[in-house]
Amino acid sequence: MSIILASQSPRRRALLEQMGITDFTVLPARGQEDMSAELTPEHLVETLALTKGREVAARTAAGNLVIAADTVVALHGEILGKPQDEADAYRMLQLLSGETHAVHTGVAVLRDGQTLCEHETTLVRFRPLSEREIRAYIATGEPMDKAGAYGIQGRGAVLIEGIQGDYCNVVGLPVCRLSRMLETFGVRTLG
């Protein structure tokens, strides 16, 4: 059995390795994320993860185990994906300033027709940000490929007053939940 990560995210790769899973192949999903449906953030991330997982599973050999994930940030009912440009990143960071938001990650694990799909939610509190701080953070380039326009594992850590829940989920992969899911498929991360 080969393990396949259906994501090109370097953060997800690093988190899998942190879990002790070092022998895996990266095979990103090719489809576009459709965030137009009127779904709750929890249902949306599960749907997106499952769609990615099924697409990649269809392109791989039988017996392979596919792990797919999708993360969004939600604030007051608005889903904040990856910013389209610097103006969009500014808008998102301004919305998050001084607020508590939810980070939702959907995870799908698939092998030979067996599928598990779950989600994890973590609450994140931003400190109030000035216009200068927002522009300086955007100038680092870090916000541009991350849901909600920030990376808690990078320079964006200085924006965070606190979290409630799984830190790794905010990075992009809820490793505790994924570890339990993998056990269903016979993959043990701790002996």
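At what angle do helix 3 (residues 86-96) and helix 4 (residues 131-139) pack, and how many Å apart are their axes? In this predicted model, the angle is about 135° and the axes are 10 Å apart. That angle makes helix 3 oblique to helix 4.

**The helix contact**

The crossing of helix 3 over helix 4 is right-handed. Helix 3 contributes Glu 86, Ala 89, Tyr 90, Leu 93 and Gln 94 to the contact. Helix 4 contributes Glu 131, Ile 134, Arg 135, Tyr 137 and Ile 138. Sorted by type, the residues of this contact are six nonpolar, one polar and three charged.

**An aromatic pair**

Next come the rings. The count is one aromatic pair. Phe 126 and Tyr 150 have ring centres 4.9 Å apart, and their planes meet at 75°. Planes over 60 degrees apart count as edge-to-face, so this pair is edge-to-face. Phe 126 sits in strand 6 (residues 114-126), while Tyr 150 sits in the loop between helix 4 and strand 7 (160-164). The two residues are 24 apart, so the pair links distant parts of the chain. Both Phe 126 and Tyr 150 are buried.

**Val 124**

Strand 6 also holds Val 124. Is Val 124 buried or exposed? Its relative accessibility is 0%, so Val 124 counts as buried. Which residues does Val 124 touch, leaving aside neighbours within four places in sequence? Its contacts include Glu 99, Thr 100, His 101 and Val 103. Tyr 150, a member of the aromatic pair, is also in contact with Val 124. Further along the chain, Val 124 is in contact with Ile 160, Gly 162, Ile 163 and Val 170. Arg 13 is 111 residues from Val 124 along the chain, and their C-alpha atoms are separated by 23 Å.

**Two positive phi values**

Most residues other than glycine have a negative phi. His 76 has a positive value, and so has Ala 149. The table sets out both residues.

| Residue | Phi | Place | Relative accessible area |
|---|---|---|---|
| His 76 | near 50° | loop between strand 3 (65-75) and strand 4 (78-80) | 68%, exposed |
| Ala 149 | near 70° | loop between helix 4 and strand 7 | 0%, buried |

Why does His 76 count as exposed? Exposed means over 50% relative accessible area, and His 76 has 68%. Ala 149 has 0% and is buried. The loop of Ala 149, between helix 4 and strand 7, also holds Tyr 150 of the aromatic pair.

Terms used
Residues numbered from 1 in each chain as written. Predicted model: local features only at pLDDT ≥ 70, side-chain atom pairs only at ≥ 80, totals over all residues. Heavy atoms only, no water. Axes fitted to C-alpha atoms, helices over the stretch in contact; angles between N-to-C directions. Helix = DSSP H or I, 4+ residues; strand = E, 2+ residues; numbered from the N terminus. Parallel < 35°, antiparallel > 145°, perpendicular 65-115°, else oblique. Left-handed = near helix turned anticlockwise from the far one by under 90°. Contact = heavy atoms within 4.5 Å. Nonpolar A, V, L, I, M, F, W, Y, C, P; charged D, E, K, R; others polar. Phe/Tyr/Trp six-rings, centres within 6.5 Å; stacked < 30°, edge-to-face > 60°. Buried < 20%, exposed > 50% of the residue type's maximum accessible area, 1.4 Å probe, protein only.
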